[in-house]
Amino acid sequence: MAIVLVPGPLDQAKANIVVASVGDNLEILASRKVKLVADLLLDEAAKLTYDLVVLPGGLGGAQAFAKSDKLVNLLKKQAESNKPYGAICASPALVLGPHGLLKGKKATAYPAMCDKLSDQSHIHNRVVVDGNLITSRGPGTSMEFALGTVEKFFGRPKALELAKALLVVRQ
């Protein structure tokens, strides 16, 4: 399983994206048989610092992430340093919540996982940004999730520019 920053708007915003594998191999077979090649193994990636750490979703990936002490420590260090971190789909509920990374935060997750969130006040939002935490519901909200991340780092005008170019915003 890999830690992946959502491509698309982030690439177009010229963000430097690193994909890290929590497994022992750079080659990853995702849940829908999509093959990915990570840039680094998590052991190497955890030695560096990041402006943002984002977890993709999917049940299998989220379960693997939750079991990775090294990844959880990286996320905790990110949060303690007041640096942005985020997750989409099952990962907010299965990784961030159980490890205390949602404490005092509003978040959303995949609908079937929302009952696991301690604060359910924002679970119906497609994307929730609460301070340095960014969460989203699932595959159908991934573009909005990426644009929310662009907005956090590059500002609203850049996010709107990319949304229009990607035909995400109605004219």
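**A sheet, a helix across it, and two cores**

Let's start with one strand pair. Strand 8 and strand 9, residues 133-136, run antiparallel and are joined by 4 bridges. Take one example: Val 128 has Thr 135 of strand 9 as its bridge partner. Keep in mind that this is a predicted model.

Now the whole sheet. It is an open sheet of 4 strands, in the order 6-7-9-8. The pairing is mixed. Which strands sit at the edges? They are strand 6, residues 53-55, and strand 8, residues 127-130. Each of these pairs on one side only. On average, neighbouring strands here are turned by 10 degrees against each other, ignoring direction.

Next, a helix. Helix 4, residues 69-80, lies across strand 6 and strand 7, the latter being residues 85-88. Helix 4 runs at about 135 degrees to strand 6.

On to the interior. Nonpolar side chains in soluble globular proteins tend to be buried together. The largest nonpolar core in this model has 29 residues. Those touching the most other members are Leu 55, Leu 71, Leu 75, Val 95, Leu 96 and Leu 117. Who supplies this core? At least two residues each come from helix 2 (42-45), strand 6, helix 3 (59-67), helix 4, strand 7 and helix 5 (91-96). Helix 5 gives the largest share, 4 residues.

Look at Val 95 more carefully. Leave aside its neighbours within four places in sequence, and Val 95 is in contact with Leu 55, Ala 62, Phe 65, Ala 66 and Leu 75.

One last item. There is a second, separate core of 6 residues. Among them are Leu 52, Val 54, Cys 89 and Ile 134.

Key. Residues are numbered from 1 along each chain as its sequence is written. This is a predicted model: local features need pLDDT of at least 70, side-chain atom pairs count only at pLDDT 80 or more; totals for chains, interfaces and linings use all residues. Side-chain values use heavy atoms; hydrogens and water are left out. Two strands pair if DSSP finds at least two bridges between them. Axes are lines fitted to C-alpha atoms, for helices over the stretch in contact, and angles run from 0 to 180 degrees between N-to-C directions. Contact means heavy atoms within 4.5 Å. A nonpolar core is a set of buried Ala, Val, Leu, Ile, Met, Phe, Trp, Tyr and Cys residues joined through side-chain atoms within 4.5 Å. Buried means under 20% relative accessible area, exposed over 50%, partly exposed in between (1.4 Å probe, protein chains only).
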